[in-house]
Structures are given as structure tokens and as C-alpha cells.
Amino acid sequence: MLDVPFWLWAVFAATVVVSLAVDLLAHRHAHVIGFKEAAAWSGLWVGLALVFGAVVFLVLGGTAGTEYTTAWLLEKSLSVDNLFVFALIFAYFKVPRAYQHRVLFFGVIGALVFRGLFLAAGVAVVSRFTAVLFVFAAILFYSVYKILKGEEDSFDPGRSFAVRLLRKVIPVRDTYAGPKFFVKEAGKRVATPLLAVVAAIEAADLIFAVDSVPAVLAVSDDAFIVYTSNAFAILGLRALYFMLSGLLDRFHYLSKGLAIILGFIGLKLILQATHKLVSPSVPEIPSPVSLAVIVVVLAGSVILSLRRPADAPAENAGEDSGEEPLTAPRGDRDAP
């Protein structure tokens, strides 16, 4: 484990809190976020993540810096699947585009909390039971199998466990009330559909963590590296969604690229576990190699998608909500 000074943890925490506060103030008035605004915010989040990575390089050394960068880029690439599901959820609930940022803002806060808990548990388990790496590898290989098999999962956000549980706890009205999550009707407090959308978003992230946590633990088993890299990737997720919401269906080879990345990370996990449990002579895959593979595969899948467009465009969905035509990628991870 790295000897991380307390002040670096404090800098990270302050950066996240201040960033969320600035983001909230900048979007305190509901409005439709266009491509230029989303691109500017996405550039800000990427720049912030890279600056923090540079600090990690300077303070903790080159190995830690490379692991942070690799883990951040890996989580960033895996988060593309989240964007497809966000689009499906917004289309299903016909969420007005002006309120979508508000939903994703609270979704990010929940993701930061739950991902932190899962990663802490994962680091604790790996540090005590190295053999669990084989289990994590199996999870990743199963995800690869689903993607390459080309199955399209049936996803009904309205019947997700989180939404059904919410409806049992509090009544949910059928119509929106602006950006509000709760209103009073006949003297009783009821939820608006916007709260159900947040519940669906949070449940989706819990499912995505099944792949993300084992994958990032293949890069590093240090709590600071895995959590900070995940946090900065999650912070930029909203801006990335609004920037790419009309273009996601064009990256039809991206799911295959993610399958290659997950398979590579699964192999990395097996080699790590075998090196520790069986024989030190078994080679491990260095972090710089992992970083290079992720960059090359991502770039290749995006370039190939643009050079070889899909034969048929996605059908328009959710006209009332103003959503762009989007479809879920084949072999997408199980939805809640």
C-alpha cells in the first residue's frame, strides 16, 4: 500500500467538494445543455483529472501516477455503457432535457458514495484473499461473453428494483412538477417521477460496479489510487453524456473494444493471482502496458466506427422528451 500523506487526501476531498459546489451553482437554473457547454465542462473535468494525476506523479512517484492514469482511463471507457442506459432511462420516463442535469448530479453523488464503499470492500478482500482475483477475472470474462454473443438485454426502467422499492416507500405521481423531487397533494407528501429517475440511475450504477470494481482492482490494490481515479471519472460523466448524447449510436464498434479491454484486464488479474499464489516466475503485465492497450483499443474502436458507419440509424425514441435517437449496445451489462 502507498504511504499517502494526509494532506493529499485532504486536497482530493476539497477538490471534489468544491467541484460539485461550483457545478451545482453553475447549473442552479434548469436549462438544456448544448454541445458547446457540455464540451467545455467535459474539458474542465478531464483537465482536473489530469492535473491531479500530475500531482500523484510528483508526490507518490511514477508507478503510482501511471496506475492512477490507467485506472482513470479504464473507468472512463467503461462508463460509456452508463451513457446508453442514461439515455434509455430518460427516454422511458420522458424526462425533459432541462431537468436531466439535475438528475445526473444527484446520481453522481450517490455513485461517489456507493463506489467508495464497494472499492473499500474490494481492496480489503484482495489484501486478505488473493484468490478472489480469479473470481473477479471470471466476472470480467462473463461480461466479455455477453458482449461478443451479441445479446440485447431487455431493459425496463419502470420495473427496476429501485423504482419498485421507491413506490412502496412513497407514492409517486404521474406528472413532473418542474425540477422538484417532492410535492404536496391533498396535504400529503408525494414524489415526482424525477425522484424515480434518480432511483433508476443509482440502481444502474450499482450494476455497473460489478464490472468496474474488479477491473480497476486489476490496475491497483491501493485505496487512494482506485478511489480517486474512479471519482474523477464519475465527476466527468454528466458532461460526457450531454456532449455525446447525439453521437453514441455512431460508435457501434465501441462495445467490441470494451470487450477486448475487459478480456485483457481479466487476463491481467489471472497473471497477478498466479504470480502471487503459484510462482513468482509467472510474469505480470506492467501498468504502462495496460495503459497503452487501453488507449490503442479505445482509439481504434472509435476510428473504426467513424470509418465504417452502421448500416441503419437507430430509431427515434422519446419524441416528447426531446431525446436523440439512441439504442442500448449489444451485450450491455445487466440492467437493474
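This is a short dialogue on reading helices, aromatic pairs and a hairpin in a predicted model.

Trainee: Where do I start? How many helices and strands does the chain have?

Mentor: Start with the overall make-up. The model is predicted, and its chain has 12 helices and 2 strands. From the N terminus on, the order is α-α-α-α-α-α-α-β-β-α-α-α-α-α.

Trainee: What share of the residues is buried?

Mentor: Of the 336 residues in the chain, 51% are buried. As for contacts, take those with a separation of 6 or more: 79% of them join residues 24 or more positions apart.

Trainee: OK, helices next. How far apart are the end C-alpha atoms of helix H12, and what span should I expect?

Mentor: The check uses a rise of 1.5 Å a residue, so the 21 residues of H12 (residues 287-307) should span 30 Å, and the end C-alpha atoms are indeed 30 Å apart. You can run the same test on H2, residues 35-60: 26 residues should give 38 Å, and the ends are 36 Å apart, which agrees.

Trainee: Which residues of H12 are buried, and which are exposed on the other side?

Mentor: Here's the general idea. An α-helix has 3.6 residues a turn, so residues three or four places apart point the same way. In this structure, the buried residues of H12 are Ser287, Ser290, Ile294, Val297, Leu298, Ser301 and Ser305. Looking down the axis of H12, you find these buried residues within an arc of 95 degrees, so they line one face of the helix. Pro288, Val296 and Arg307 are exposed on the other side of H12.

Trainee: What covers the buried residues of H12?

Mentor: The cover includes helix H3 (62-78), helix H8 (193-219) and H11. While we're at H11, have a look at Thr274, which sits in that helix (residues 254-277). Thr274 has a relative accessible area of 17%, so it counts as buried. Leaving out residues up to four places away in sequence, Thr274 touches Phe134, Ser279 and Val282.

Trainee: And H2? Which residues are buried there, and what do they pack against?

Mentor: The buried residues of H2 are Ala38, Trp41, Ser42, Trp45, Ala49, Phe52, Gly53, Val56 and Leu60. They pack against H1, H3, H9 and H10. Just after H2 comes Gly61, with a positive phi of about 105 degrees.

Trainee: Now the rings. How many aromatic pairs are there?

Mentor: The general idea first: a pair of aromatic rings is described by the distance of the centres and the angle of the planes. The count here comes to 16 aromatic pairs. One of them is Trp9 with Phe224, which is edge-to-face, at 4.9 Å centre to centre and 85 degrees between the planes. Trp9 lies in helix H1 (residues 6-26) and Phe224 in helix H9 (residues 223-235), so this pair ties together parts that are 215 residues apart in sequence.

Trainee: Are Trp9 and Phe224 buried or partly exposed?

Mentor: One of each. Trp9 is partly exposed, at 31% relative accessible area, whereas Phe224 is buried, at 1%. Now compare the rings of Phe90 and Tyr241: their centres are 5.7 Å apart and their planes are at 65 degrees, so this pair is edge-to-face. Phe90 is in helix H4 (residues 80-93) and Tyr241 in helix H10 (residues 237-244), so the pair ties together parts 151 residues apart in sequence. Phe90 and Tyr241 are both buried.

Trainee: Which residues do ring pairs link into a cluster?

Mentor: The cluster is made up of Trp9, Phe12, Phe52, Tyr68, Phe224, Tyr227 and Phe232.

Trainee: Last one: in what sense do the strands pair?

Mentor: Strand E1 (residues 182-185) and strand E2 (residues 188-191) are antiparallel, over 4 bridges. Val183 stands opposite Val190 in E2. The strands form a hairpin with 2 residues between them, and Ala186 in the turn has a positive phi of about 55 degrees. Arg189 lies over the face of Phe182, 4.6 Å from the ring centre.

Trainee: What does Ile170 touch?

Mentor: Ile170 is in the loop between helix H7 (161-169) and E1, and is buried at 13% relative accessible area. Leaving out residues up to four places away in sequence, Ile170 touches Phe182, Arg189, Val190 and Ala191. The C-alpha atoms of Ile170 and Arg189 are 8.1 Å apart, with 19 residues separating the two along the chain.

Notes: Residues are numbered from 1 along each chain as its sequence is written. This is a predicted model: local features need pLDDT of at least 70, side-chain atom pairs count only at pLDDT 80 or more; totals for chains, interfaces and linings use all residues. Side-chain values use heavy atoms; hydrogens and water are left out. Buried means under 20% relative accessible area, exposed over 50%, partly exposed in between (1.4 Å probe, protein chains only). Contact means heavy atoms within 4.5 Å. The expected span of a helix is 1.5 Å times one less than its number of residues. The arc is that of the directions from the helix axis to the C-beta atoms. Rings of Phe, Tyr and Trp (its six-membered ring) pair if their centres lie within 6.5 Å; planes under 30 degrees apart count as stacked, over 60 as edge-to-face and the rest as tilted. A charge sits over a ring if NZ of Lys or CZ of Arg is within 6 Å of the ring centre and within 35 degrees of the ring normal. Two strands pair if DSSP finds at least two bridges between them.
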